[in-house]
Structures are given as structure tokens and as C-alpha cells.
Amino acid sequence: MIDVRVPGDKSLTHRALILASLAEGESRLTGLLTGEDPQATRNALRTLGVPIGVLPEDGTELRVSGVGLQGLREPTQLIDCCNSGTTARLLLGVLSSQRLVAALTGDESLRRRPMRRVTEPLSRMGAQFRELGVRGCLPIEVRGSVLRPLEHVSTVSSAQVKGALLLAGLTGGVDVSVVEPVLSRDHTERLLRAMGVGIHSEHTDQGWQVRLSEPPSALPPLDFAVPADFSSAAFFLVLGLLLGGDASVRLVEVGLNPTRTGLLSVLSRMGATVEVDRESDDRCGEPVGTLIPHSGRLQGTEVTAAELPALIDEVPALVALAARAEGVTRITGASELRVKESDRIAALATNLRALGVSVEELPDGLEVEGTDRPLQGEVRSFDDHRIAMAFGVLASLPGNRVRIDDRAVADVSFPGFWRLLDGITSKHGNAGGRGSARSAGQPASGLNRKRGPIITIDGPAGSGKSTTARVVAQRLGFRHLDSGALYRALTCALLEAGIPPDRWPALDRADLDRFAIRLEPRAGNFAVLLGQSVLDAELRTSEVTEHVSQLSGLPAVRSWLLERQRAAGASGQLVAEGRDMGTVVFPDADLKVFLTASLEERARRRLEDRAVPRSGPAGLRDEMQRIEARDDRDRNRPLSPLRAPPGALVIDTTGLKFEEQVESIVRHVLDLTGC
Ligand code: S3P
């Protein structure tokens, strides 16, 4: 059985970032999701003047210094919410009361989604909006105003609407009451309560009422460990139920907020067995636990409107399961699905039909007749992460042959989804698997046999990747590819040829081909050659150090060097180190390692490396700022941004002995090669 911690909860990550930004003092957040949606919230908050650092890929702590309830700054640019409805709607609420003007937009899918459900009640509070494009949709300009209290009865159960209105009341200092037909996810309420804000919730004749009374003038900081996302875990619950044999996965640290776990009741009606082991302590009022799905016979069921809010994001996963259950599953009262990242009712029906599953599309739902025939065909993601992942689960089952047009869209909420899926199904011997596969920290046995092993070691500045890679390579008797040396060699060659840095962006492949830079295997390692000369000390002059990052941001240079890096890996037996080795250069590497360390630790190491004598706390602080700025550039650059590769073995080296970290990597490689 594989223990899996799926990425952090998306809804909670958005809210934790927003509330920490609005607090006074330093909040401490761990387990944040780093998918594209929360990145949009993080970037938006930065544009609004909140100094939020990079979201840590490995779930380690992010500290956020809040700017206060009225402390956001007028942005100088349009705020791009990308694909994220939660970012857009919650921020419309927050911005309604700020003394600023801001404009929000999003990608094509988000620009189609309805915004009046939030701007209409917010306007009644006194907020001012200008729709800049299609009526009722983004882009929208918001002009912050002095707000009035609001009593709102919503016709839809939507946590985004409720959250936006509560956040407007909170920042605008006015009471707000929201009534919704069925209680939608109540994360905003739970986090606010944990921060000491008075929020009352009760069932009334009209539906669920949530009331924010006498909002405080300041919020204290938030200390929150974000649980794993139930909606992401849902795909592996379904997989676990459908894969034959013993329990295949144990999903750990999953958020079990009852407004999110409606799927569990539906699964139990379908005859599924899911063990639920709830932890005794909640996190800021959010329950957490472990889920173990056991495979078995499943039958169709009926799901109606009252159940929908607690499983709204799980419908794609549920429909994938329904396609393999006995009999008919009928879902109604789900018209909200038509205004998600895609029209999910149409998308699910179209894809099921493409696989030969009998399905009827209803105005507000679907009727699916399960089959045990092998599923074959091509499906589309419709630019919707959950559609891609739901059909990914079906594609991974033994006997099925399903092609999905765009798998990358899963990164919106679940970076690393495909690798994890491959890792689990390959352990179950799915003949239709997709080659080498591994889940985080779980080396697979499917080593690439055509060449020797390739190990990648990536990480941010000061994470210790160079020294680690060199020593790991020595221990294994592999060659060490220092990708930075190639960039330095080209910088050196250009400077020597008298080509000034302002002309570098115009260089094309033919210009670069004039420089005979190559890696040559020598004495068990690589030498960097320029013509016939081996470069060594030349690579580390201060002039080269000063200019190398200008060069490494250029697309033509990156693709030119990519060929040389890949050539170096042609026969394997390689430890390749850099910032995009596992994500771009060797995406099919046999072991991908991502090293991290706390900012302070990395700054300390950098100062030690440069032998800066007793730089003191001010020197350390300066170095930390430099590294943070570098991290920001590395993670947000459009080309090959620094990311932990999906399925990477992530090692936080803070407090680890160097030998321990080397040993851990070497052990993984030996496991992998069966030695
Ligand atoms: C979310 C609320 C839900 C959900 C979405 C996340 C949130 O949307 O589908 O993925 O974080 O508030 P609605 O509020 O539109 O139902």
C-alpha cells in the first residue's frame, strides 16, 4: 500500500493567503498548494502590495507579513486571476472596501464565468464596479467605497459568493448576513473563527444563514497547517475503489470538513468501503484524517440537489466511478456544474460518449450507465483540470485505452498528478501504463533500460545542490553535469568575443553555433571546452558571475544549451544538477531530487561559501533578501520556472548533516537499480 499525501487544499490555500495578508503581524502557513490557482492569488496579493514570498513547493513554512484590513495598495497593473474563480470572486469582495481602484481579469475560461452573483450584492453594500468586457463577466474594475451592512439571500449555494461578502464585511467593518439554500463549504467561517472573529451560522426557514457581526478593526496573524485537498484525494479514492486486489493507497492528512466530504456518503450508498480515520486534533477548526479505499462491487445511485454543495468538485471523479459501476447513476440539481472551469455536464457527457459509455445529458445533471467493457477512445480536457484528472483515472485502469488531449491542465490544482497516478497503477501492473513511474519518495522498478540511470538534482540558490551532486556522482561513479558551467562558458565566450550583454537577446542559433562550446567526458567526469581550451577558473570570474543570469533568461540560449545537456545524458550514468534538470532537460530521469533549505540557512551557506568574514545579522539579512529576490525571479520566470519536478524526492536540508542527505540520495539510487 502506498501512503499518499495529495497537495494542499485549494480553497483553504486561497483563504489562508488572503487572511494572512489582511492580518496584522506575521502569519505562518504550511502545506500550501502551489498549483496555478493559488499562484494567481499569491501574485494578485503581491500586486496589491503584500510582500508574500514564493509558495514553497515542499509544503514547508511560508511566513506572510500582513498589511492590515485596509492596507492594500493600488495596483499599477491589471490583476490576472488566470483560471481561478475563487481568486476573482474573493478578491472582488476584499477590494470593495479598499481605498483604491483595481481591475481584475482572467483567462478565456474565467472570463466566461458569471461574476454578478458577487458584484450585485457587493454593489448593494456600496461597492462600485465597471464591467470592461462582456456583461456580467471579467474584466471588471472595482472602486473601493465606504460600505453599508448587508442582508443577502442567495439563490445559489456558493462558498465563493459567501466568502466574498464576508470578506467585504470584514475589511469594510460592517455586519453581513448571507443565507444560502444549502450550506456550502464553510472554510472562510472556520478560519475567521480561529482568528477570533464573531461568525454565527444556523439553519433557518430560508436556508443556512451565516452572520458576521461587529467585525474587528484588526485581525491577528494566522498559524495554519493546510490539510491535503479532499477534492484531489477524491481521484485516488475512486482509483483505489476501481483497482482490483488489496487496498492500493492510504490517503493521509486529508481535510475532512463535512461541507466537503459529501462524496463519502454517496460512495457508501454505492456499496464502496472507505475506511476513515479522523485525527483527534483539528487545524483551525478544520478536521483532518486518513482515508483508505477498498475495491469491491459498486452499484449506481441517485444524487440530488441537497447533496451537491458538499460534493460539487467531486462530480467528475464520481462520474468516472459511475462509468464502472453496475447500473445507472443519476445526478440532478447540479446546474452549477455548467458554470465551472468548463461546462462540466457537457464535458463529462461528451467524453463518456467518446468512450462508448451510455450517458444522457440532463439540463441539470447526467444519467450514466456503468459498463465493464474496456473503454477506448480519445477524450478532451476542455481546459478543465478536474475533467482531465477524472478521465486520467479511467485511462489508468487495466484494459482501458484512453487518450487525453491536454494533461498539463491538472497543474491548476494538482501538480504531480500524472506521476502519482502512474506510480500507483504501475505497482498494480497496468499493462496500459505509461512508462517509468514513481510517486514522491517511492522509486519505481521501471528503470529506463536503454541507457544508464539519470539522476537530477534541482533546487533554489544556496540549497547545496552543486556540492551534493558532485559528491553523489563520486559515490556512484557517475558523471556530474553542472548545468551552470555551460551557461558560464557561453557568458565567458561572448564577453571574450566583445559582444556586449545588451546585444545578447538578439542572438540566434547561428550566432551561438560560432562558439564551439561542448562537454567532453574526461577522467570520469565532464570538462567544459571552448574550442580546444578547457575552461575552469575562467568560469568563476566576477564578470561572468555578474552577467550569467542575463544570458540564462534567453529562450534561444536555453534551447541551444538544452541539446548539449541532453547529449551529455545520452548514455546515462549521470547526476545532472541545476534548476530545470528534472522538469525540462531530463523529464524522464530515473530519480528526481529537489533540495530545499530555509532562507536563513541558505543565506548562511552562501556567506560561508564566499568566506564573508563575520557579516553579522545585517549581512545575513541582506543575503536573505538577495536570495529571496533570486527565488522570486527563478520561480516566476516564464521559461523553465523553478519547480520541484512532479514526483520528486524533496529533501529539506535545513538541519540535515551533509553526509545524511548524500546517503539518502545514494540509497534511493541503489534501490532503484536493484543494487
Ligand atoms: C470554491 C467554491 C466552489 C468550488 C470551487 C472552490 C471556494 O465554487 O467549486 O472549486 O474555494 O470557495 P462555488 O462557490 O462557485 O460553488
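**Group meeting: a walk through one chain**

Let me start at the surface. The chain has an accessible surface of about 26600 Å². Carbon and sulfur atoms hold 48% of that area. One caution before we go on: this is a predicted model.

Now the overall build. There are 21 helices and 29 strands in the chain. The radius of gyration is 26 Å, and the globule rule gives 26 Å for 675 residues, so the chain is as compact as a globular protein of that length. Along the principal axes, the C-alpha atoms fill a box of roughly 85 × 60 × 50 Å.

How much of the chain is buried? Of its 675 residues, 58% count as buried.

Next, contacts. Take the contacts with a separation of 6 or more. Residues 24 or more positions apart account for 76% of them.

On to charge. The chain carries 81 positive side chains and 87 negative ones. The centres of these two sets lie 3 Å apart. The salt bridge count comes to 47.

Let me pick out three of these pairs. Pair one is E341 with R113. Their closest N and O atoms are 3.9 Å apart. E341 sits in the loop between β17 (328-331) and α10 (344-354), and R113 sits in the loop between β5 (101-105) and α4 (116-124), so this salt bridge ties together parts that are 228 residues apart in sequence. Are these two residues buried or exposed? Both E341 and R113 are buried.

This pair also has company. Which residues are linked with E341 and R113 in a network of salt bridges? They are R185, D313, R344, D384 and R386.

Pair two is E120 with R124. Here the closest N and O atoms are 3.0 Å apart. Both residues lie in helix α4. They are four residues apart, which is about one turn of the helix. E120 has 38% relative accessibility, so it counts as partly exposed. R124 has 36%, so R124 counts as partly exposed too.

Pair three is D536 with R540. The salt bridge between them has its closest N and O atoms 2.9 Å apart. D536 has a relative accessible area of 46%, and is therefore partly exposed. R540 comes in at 54%, and is therefore exposed. The cut-off at work here is 50%: over that value, a residue counts as exposed.

Last stop: the backbone. Three places to look at.

Start with the bond between L138 and P139. Which kind of peptide bond joins them? A cis peptide bond, with omega about 0°. To find P139, go to the loop between β6 (128-131) and β7 (140-143).

Then C82. Phi of C82 is near 55°. That is a positive value in a residue other than glycine. C82 is in the loop between β4 (79-80) and α3 (85-95). With a relative accessible area of 31%, C82 is partly exposed.

And finally C284. This residue is not a glycine, yet its phi is positive, at about 50°. Where is C284? Look in the loop between β14 (273-278) and β15 (288-294).

To recap. The chain has 21 helices and 29 strands. Its salt bridges number 47. One of them, E341 with R113, ties together parts 228 residues apart in sequence. And a cis peptide bond joins L138 and P139. That's the tour. Thank you.

Conventions. Residues are numbered from 1 along each chain as its sequence is written. This is a predicted model: local features need pLDDT of at least 70, side-chain atom pairs count only at pLDDT 80 or more; totals for chains, interfaces and linings use all residues. Side-chain values use heavy atoms; hydrogens and water are left out. Helices (H or I, at least four residues) and strands (E, at least two) are DSSP runs, numbered from the N terminus. The radius of gyration is taken over C-alpha atoms; the globule rule is 2.2 Å times the number of residues to the power 0.38. Buried means under 20% relative accessible area, exposed over 50%, partly exposed in between (1.4 Å probe, protein chains only). Contact means heavy atoms within 4.5 Å. Accessible areas come from the Shrake-Rupley method with a 1.4 Å probe; for residues, only the protein chains shown count as cover. Lys and Arg count as positive and Asp and Glu as negative; His and the chain ends are not counted. The place of a charge is taken as NZ of Lys, CZ of Arg, CG of Asp or CD of Glu. A salt bridge is a side-chain nitrogen of Lys or Arg within 4 Å of a carboxyl oxygen of Asp or Glu.
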